[in-house]
Amino acid sequence: MSRSQVVVVGGGLAGLAAGLEAADSGARVILLERRPRLGGATSSFRRGELEVDNGQHVFLRCCTAYRTFLRRLGVEDRTVLQERLDVPVVAAGGGAGRLRRSRLPAPLHLAGALAGYRLLPPLDRARAVRAALALRRVRPDDPAADAVSFGSWLTGRGQRPVAVERLWELLTVATLNARASEASLALAATVVRRGLLTEPGAADIGWSAVPLSRLHAEPAAAELRRLGAQIRCGAVVEAVRPAAAGFTVETRSGPVPADAVVLAVPNDAVGGLLPDGALADPQAPARLGTAAILNVHVVYDRPVTALPFLAAVDSPVQWVFDRTGSSGLRRGQYLAMSISAADADVAQPVAALRERYLPALSRLLPAAASAQVVDSFVTREPAATFRQSPGAGALRPAARTAVPRLALAGAWTRTDWPATMEGAVRSGRRAAQVVLADLRRPAPAGAGR
Ligand SMILES: Cc1cc2nc3c(=O)[nH]c(=O)nc-3n(C[C@H](O)[C@H](O)[C@H](O)COP(=O)(O)OP(=O)(O)OC[C@H]3O[C@@H](n4cnc5c(N)ncnc54)[C@H](O)[C@@H]3O)c2cc1C
């Protein structure tokens, strides 16, 4: 067992978690990543004096597998985790609200915040409480909940557009990368139940205090190497073929032998790599589709807000994060606007995006209107996540495939989580556990070695 060679394809969080799990169990790990660097959907690059992330990432206190992964890498102290959920909400036309939990047990911990949420008329606040309680009865694993949209469910529970836009979508657009009308009820119920209706601290928000590459890719690579793993970046995998002894992983630069394989590539890339018979419907992952996230970054010559982050309503801006400290900026303030469900905007020219988002930010933060913009730029992720729409649940395969010792990982696989870092880490660990268990069993006649 200790000499088994496990090849992990894909160096995102799922692949890194799978590689660590396998290496920790004594396997020889080879990690193959197509790009020149690890980290996948969580990466960083340099722009002048700034270290920039491809997009703002946050996690919640309830992301236990992700936080365990950070602790395993010894980097949890490079993150900030709120002591108590506290979200400042700013409306573009003036007005502000605050969603802050109390110390009461769930779900009462949010009752005060909702009762005092001035961005909603009092009638809608009361209706929102009733809808939240009804959401507790939606079972995320119910196929009927996977078949309908969160938006239509909300409408059926008397939620007017003002409540959808100013409350519900604050919670779900960023987490599901979809507007309520496009999001699966099952996944929305997962988010709301897990984050807001169970443990009082579950939805406390955390974020990285350093560039993402220093939180994930670099420490994971160092730890994998320490355990004897080989990491090959720039290795494009083209197929996984069963061979007399295990598998041959075909890469553009030659074959790599493997006793077991974890495929941790995105859902739109996996179909072409799978050996025959691995999935009953090998095109199902691609049919999940993908959805975009856009970040518009702006550096001002002076501080324009004291808030570490804020959520916006009545604005094309959704969430704004202060990136000054984590980017290494020494003077002024660097803000990143994170725009989810951004399919309509993601291919727009930079000039058009600046014209849309910079004035919108000034309407939220009046100090920005009189500050000078030193730099502004855009990061685009057209396939940031799988499309978390009705019907998605039925298309997400489990880690185990029909081919022994070949498992799937990725935030898009059936993790019981939306497309998150938590889902990615869970999926990677699970896939590694599946192949490690297979390796401990005698090989079935005719399969693998
Ligand atoms: C801008 C943005 C913001 C986000 N915000 C959040 C957030 O706030 N909170 C949160 O929890 N999640 C967020 N997410 C989602 C989260 O980043 C992802 O769900 C997670 O990182 C996915 O990890 P993964 O390993 O499943 O996939 P990926 O990170 O996509 O990794 C797959 C890897 O496989 C490699 N690969 C593909 N094909 C091949 C091949 N043929 N050969 C070799 N390698 C290959 C790819 O290059 C890639 O590195 C965000 C994502 C984006 C893009």
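Start by selecting Arg28, which is partly exposed, with a relative accessible area of 38%. On this scale, buried means under 20% relative accessible area, exposed means over 50%, and partly exposed is in between (1.4 Å probe, protein chains only). Before moving on, know that this is a predicted model, where local features need pLDDT of at least 70 and side-chain atom pairs count only at pLDDT 80 or more, while totals for chains, interfaces and linings use all residues. Residues are numbered from 1 along each chain as its sequence is written, and side-chain values use heavy atoms, with hydrogens and water left out.

**Around Arg28**

Arg28 sits in strand E2. Helices (H or I, at least four residues) and strands (E, at least two) are DSSP runs, numbered from the N terminus. Now show the side chain of Arg28 and look for two partners. One is the side chain of Gln5, in polar contact at 3.2 Å; the other is the backbone oxygen of Arg3, 2.8 Å from a polar atom of the Arg28 side chain. A polar contact is a pair of N or O atoms within 3.5 Å; within protein, one must be able to donate a hydrogen and the other to accept it, and residues adjacent in sequence count only if both atoms are side-chain atoms. Add Val6 too: Arg28 and Val6 are 22 residues apart in sequence, yet their C-alpha atoms are 6.0 Å apart in space.

**Next, helix H1**

Select residues 13-24. That's helix H1, with 12 residues, and it reaches 16 Å from first C-alpha to last, close to the 16 Å expected at 1.5 Å a residue. The expected span is 1.5 Å times one less than the number of residues. How many of the residues of H1 are buried? The count is 11 of 12, and among them are Leu13, Leu16, Leu20 and Glu21. Turn on the neighbours and you'll find that the cover includes strand E1 (5-9), strand E2 (28-33), helix H2 (64-73) and helix H17 (421-440). Contact here means heavy atoms within 4.5 Å. Just after H1, click on Gly26, which has a positive phi of about 100°.

**Hop over to helix H2**

The buried residues of H2 include Tyr66, Arg67, Phe69 and Leu70. They pack against H1, H10 and H17, among others. Right after H2 comes Gly74, with a positive phi near 70°.

**Zoom out to the domains**

Colour the chain by domain: domain 1 (5-41 + 216-288 + 389-440), domain 2 (45-80 + 206-211 + 290-386) and domain 3 (101-203). These bounds come from an automatic or database domain assignment. The centres of domain 1 and domain 2, taken over C-alpha atoms, are 29 Å apart. Their contact takes 24 residues from domain 1 and 19 residues from domain 2.

How much area is buried between domain 1 and domain 2? About 1,800 Å², with carbon and sulfur atoms giving 68%. Buried area is the accessible area (1.4 Å probe) that two parts lose on being put together, summed over both. Highlight Ala41, Met421 and Glu422, which supply 28% of what domain 1 buries against domain 2, more than any other three residues.

There are two salt bridges between these domains. Select Arg72 and Asp24 to see a salt bridge with its closest N and O atoms 2.7 Å apart. The rule is a side-chain nitrogen of Lys or Arg within 4 Å of a carboxyl oxygen of Asp or Glu.

**Last stop**

Find Thr172 in helix H7 (residues 161-176). Thr172 is buried, with a relative accessible area of 0%.
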